[in-house]
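Me: Hi! I've got a new model open and would like to talk it through with you. Mind if I fire off some quick questions?

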Amino acid sequence: MAAGIFKLCRHTIIMVVELEAIRQGLLAWDFGYRQVVMESDSLEAVHAISIGVPRSHPSLYIISDISHPCLRNWSVSFEHTLREVSRGADFLAKLGSTGDMCPSRFFQFLLKA
């Protein structure tokens, strides 16, 4: 039983991390971008955003936070990409998870580069 609960919690945490990265990516609006393609290696996250989730979904609050900015006057699309293609993004995610650089600060750094 405990192993099943751990697996469920781990799966939920991974989903939250994927969705949070997408939510941070929507900061592109604040920097003037109006055509954005958000790529994620989480097919579940892409489907949750594109199709929606039931009100009982544990990540509903983040998905709602992602959906609302998409109603602005801009073009945002969400696409699934293979994990092998997103190795660079995985590296950056690991860098951000160390606490050395929060995602929004890193996003600003990339824009200046």
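Me: Let's start with a ring. Which residue lies over the face of Trp29?
Reply: That's Arg34, placed 3.6 Å from the ring centre of Trp29. Keep in mind that this is a predicted model.

Me: Noted. How many aromatic pairs does a search of the whole structure find?
Reply: One. It's made by Trp29 and Trp74: the ring centres are 5.3 Å apart and the planes make an angle of 75 degrees, so the pair is edge-to-face.

Me: Why edge-to-face rather than stacked?
Reply: Because planes over 60 degrees apart count as edge-to-face, and the planes of Trp29 and Trp74 are at 75 degrees.

Me: Where do the two Trp residues of the pair sit in the chain?
Reply: In two loops: Trp29 is between H1 and E1, while Trp74 is between H3 and E2. They are 45 residues apart, and the pair links distant parts of the chain.

Me: And is Trp74 buried or exposed?
Reply: Trp74 is buried, at a relative accessible area of 10%. Its partner Trp29 has 22% relative accessibility and counts as partly exposed.

Me: What else does Trp74 touch, not counting residues up to four places away in sequence?
Reply: Besides Trp29, the list has Leu26, Ala28, Tyr33, Arg34, Val36 and Pro69. So Arg34, the residue over the face of Trp29, also touches Trp74. As for Val36, its C-alpha is 8.1 Å from that of Trp74, with the two positions 38 residues apart in sequence.

Me: Let's zoom out. What order do the elements run in from the N terminus?
Reply: The order is α-β-α-α-β-α-α, which is five helices and two strands.

Me: How much of the chain is buried?
Reply: Buried residues account for 25% of the 113 residues. The accessible surface of the chain is about 8,000 Å², and carbon and sulfur atoms hold 60% of that.

Me: What about contacts between residues at least 6 apart in sequence: what share joins residues at least 24 apart?
Reply: It's 78% of them.

Me: On to the inside. Which residues touch the most other members of the largest nonpolar core?
Reply: Leu19, Ile22, Ile66 and Phe78, out of 17 residues in that core. At least two core residues come from each of helix H1 (2-25), strand E1 (35-40), helix H2 (43-51), helix H3 (60-67) and strand E2 (75-80).

Me: Which element gives the most to this core?
Reply: H2 does, with four residues.

Me: Take Leu19. What is Leu19 in contact with, leaving aside neighbours within four places in sequence?
Reply: Leu19 is in contact with Ala45, Ile49, Ser59, Ile62, Ile63 and Ile66.

Me: Ile49 caught my eye there. Where is Ile49 found?
Reply: Ile49 is in helix H2, and at 11% relative accessibility it counts as buried. Outside its neighbours within four places, Ile49 has contacts with Leu19, Ile22, Ile63, Ile66 and Phe78.

Me: How are Ile49 and Phe78 placed, C-alpha to C-alpha?
Reply: Their C-alpha atoms are separated by 7.9 Å, and the two residues are 29 apart along the chain.

Me: Changing topic to charges. How many salt bridges does the count come to?
Reply: Two. Side chains of opposite charge can pair when their charged atoms come close.

Me: Which residues are linked in the network of salt bridges?
Reply: Glu20, Arg23 and Asp65. The Arg23 side chain meets Glu20 at 2.3 Å, N to O, and it meets Asp65 at 2.4 Å, again N to O.

Me: Where do Arg23 and Asp65 lie, then?
Reply: Arg23 is in helix H1 and Asp65 in helix H3, so this pair ties together parts that are 42 residues apart in sequence. Arg23 and Glu20, on the other hand, both belong to helix H1, three residues apart, or about one turn of the helix.

Me: Last one: how exposed is Asp65?
Reply: Asp65 is partly exposed, with a relative accessible area of 36%. Arg23 is partly exposed at 23%, and Glu20 counts as partly exposed at 24%.

Terms used: Residues numbered from 1 in each chain as written. Predicted model: local features only at pLDDT ≥ 70, side-chain atom pairs only at ≥ 80, totals over all residues. Heavy atoms only, no water. Buried < 20%, exposed > 50% of the residue type's maximum accessible area, 1.4 Å probe, protein only. Contact = heavy atoms within 4.5 Å. Areas by Shrake-Rupley, 256 points an atom, 1.4 Å probe, with all protein chains shown as cover. Core = buried A, V, L, I, M, F, W, Y, C linked by side-chain atoms within 4.5 Å. Salt bridge = Lys/Arg side-chain N within 4 Å of Asp/Glu carboxyl O. Phe/Tyr/Trp six-rings, centres within 6.5 Å; stacked < 30°, edge-to-face > 60°. Lys NZ or Arg CZ within 6 Å of the ring centre and 35° of its normal.
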